[in-house]
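Colleague: I am new to this structure. Where should I begin?

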There are 2 protein chains.
Amino acid sequence: MPKTGLTAEQIKDRAIECTMERMRKFGYEKVRLSDIAKDLGVTHAALYAHFADKAALFDAVSERFIRDLDAKLERFCQPGARGTPLERITDWFVTLHKTKCEKVRCDPELYRAFNFLAVRQKVFVCQHLQSMDRQLMMLVKEAIDGGLLQGDAAEIVQLLFNATIGFHYPAMVVEYIDQDREPLLRAVLDALYRGLRDA
Amino acid sequence: MPKTGLTAEQIKDRAIECTMERMRKFGYEKVRLSDIAKDLGVTHAALYAHFADKAALFDAVSERFIRDLDAKLERFCQPGARGTPLERITDWFVTLHKTKCEKVRCDPELYRAFNFLAVRQKVFVCQHLQSMDRQLMMLVKEAIDGGLLQGDAAEIVQLLFNATIGFHYPAMVVEYIDQDREPLLRAVLDALYRGLRDA
DNA sequence: TTCCTTACATTTGGCAAGTTTTGTAAGATA
DNA sequence: TATCTTACAAAACTTGCCAAATGTAAGGAA
């Protein structure tokens, strides 16, 4: 029934892709709905059938990045994941850190948008935080069961997350993008593991 | 010789105080040199005998806060300071954290200015970073000498500072101002001490 | 029914004017 | 000599207007 010959999902996807492309090229301030619509071969009003408003379109771009990141991190929590629980926690944090660094370097405009657009307290961001919490909780519980860490799982998750926040907090990732902080991140985690082993 | 009857230092001090007062009342965007000058009973051009430019006046405000903070932290490094080296490191970090929280709550406009005005990489900020590094280094060395920590002092300082950066990084202090994170900060430090005791 | 268009209301952004504020130079006063 | 004033140049900040972009409603095509 759609006049464009594409399903609603396909149109949405293409709209998001066009938006990303224009954000990359011109910065998010200069992205116009009419341009996106033109790329898709529809009028700008048609976009409102798929997105509540312009902000929702931008959010969809951020959401895609966050979902990809979540999926990437999820792999370290799968039953088949290799390595000891502690190694997997380290891999999890290092991946979180490096993925954000990579995004800053390869997609600076997208990262800037993601950073700027009062993205905090949006639904998908809260979900991301919950998702990360759940993932870390799984890994930490495994470590506790294996006798590698001691204490309350939720508290340990809080502690690990906050002690490494400088390595994944958006503004700080940007600020220290020129430095290779991975070794420091690993050192922080190693010290914490030792300290939490016989708490 | 001055026509105002005040020494250069006094004029400077009063200028800084007036600036702070107006920043608090109206926000730093609305501070005008001509208003400051009027408060002091001189023309705006006279201010240029004391400050290189408007930014230098604003910097002086931030500098004052930072110097006070440095002095406060310095106390934990004095020979007469009470407590074990590790307790003093904890006090040092907790003071750093709480002082910034207090500033955010009591002087939000000043903190915002301090945060906004590309304050990074200014001379007095670098000095502050160096000063903190030196202070922490002293405390860590004492802890190492006392057998409470093991490893390279400079590396340990780096590690402690970065693992607690979420508790003193300006933007994050503001973001989490509603939460009492002091217990979490202490927990992070305790875990690190244990992990760095038998590195 | 879903997705789209046309037509229109509302909001935002950009530009040119005038005004204020910032910064500088030359000279006056203690 | 150090500090200040006057006078002026340069930069940044309003204001008002118009064009462009966003958002909405009513109705048309698959």
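Modeller: Begin with a term. Buried means under 20% relative accessible area. Keep in mind that this is a predicted model.

Colleague: How many of the residues of helix H7 of chain B are buried?

Modeller: In helix H7 of chain B, residues 153-163, 8 of the 11 residues are buried, so this helix is largely enclosed by the rest of the structure. Among the buried ones are Ala153(B), Ile156(B), Val157(B), Leu160(B) and Ala163(B). Leu159(B), Phe161(B) and Asn162(B) are buried as well.

Colleague: What covers the buried residues of H7(B)?

Modeller: Both chains take part. The cover includes H7 and H9 of chain A. From chain B it includes H4 (85-106), H6 (123-145) and H9 (182-197).

Colleague: Now the interface. How do I read its size?

Modeller: The size of an interface is often given as the accessible area lost when the parts come together. Here, about 1,900 Å² is buried between chain A and chain B. Carbon and sulfur atoms give 66% of that area.

Colleague: Which helices of chain A supply at least two residues each to the side that touches chain B?

Modeller: They are H7 (153-163), H8 (170-175) and H9 (182-197) of chain A. H9(A) gives the most, with 8 residues. By class, this side of chain A has 15 nonpolar, 4 polar and 5 charged residues.

Colleague: How many residues are in contact between the chains?

Modeller: 24 residues of chain A are in contact with 24 residues of chain B.

Colleague: And how many salt bridges and polar contacts are there between the chains?

Modeller: The count is 0 salt bridges between chain A and chain B. For polar contact, the count is 4 residue pairs, both residues at pLDDT 80 or more.

Technical notes: Residues numbered from 1 in each chain as written. Chains lettered and ligands numbered in written order. Predicted model: local features only at pLDDT ≥ 70, side-chain atom pairs only at ≥ 80, totals over all residues. Heavy atoms only, no water. Contact = heavy atoms within 4.5 Å. Buried area = accessible area lost by both parts, 1.4 Å probe. Salt bridge = Lys/Arg side-chain N within 4 Å of Asp/Glu carboxyl O. Polar contact = N/O pair within 3.5 Å; in protein donor to acceptor, adjacent residues only side chain to side chain. Helix = DSSP H or I, 4+ residues; strand = E, 2+ residues; numbered from the N terminus. Nonpolar A, V, L, I, M, F, W, Y, C, P; charged D, E, K, R; others polar. Buried < 20%, exposed > 50% of the residue type's maximum accessible area, 1.4 Å probe, protein only.
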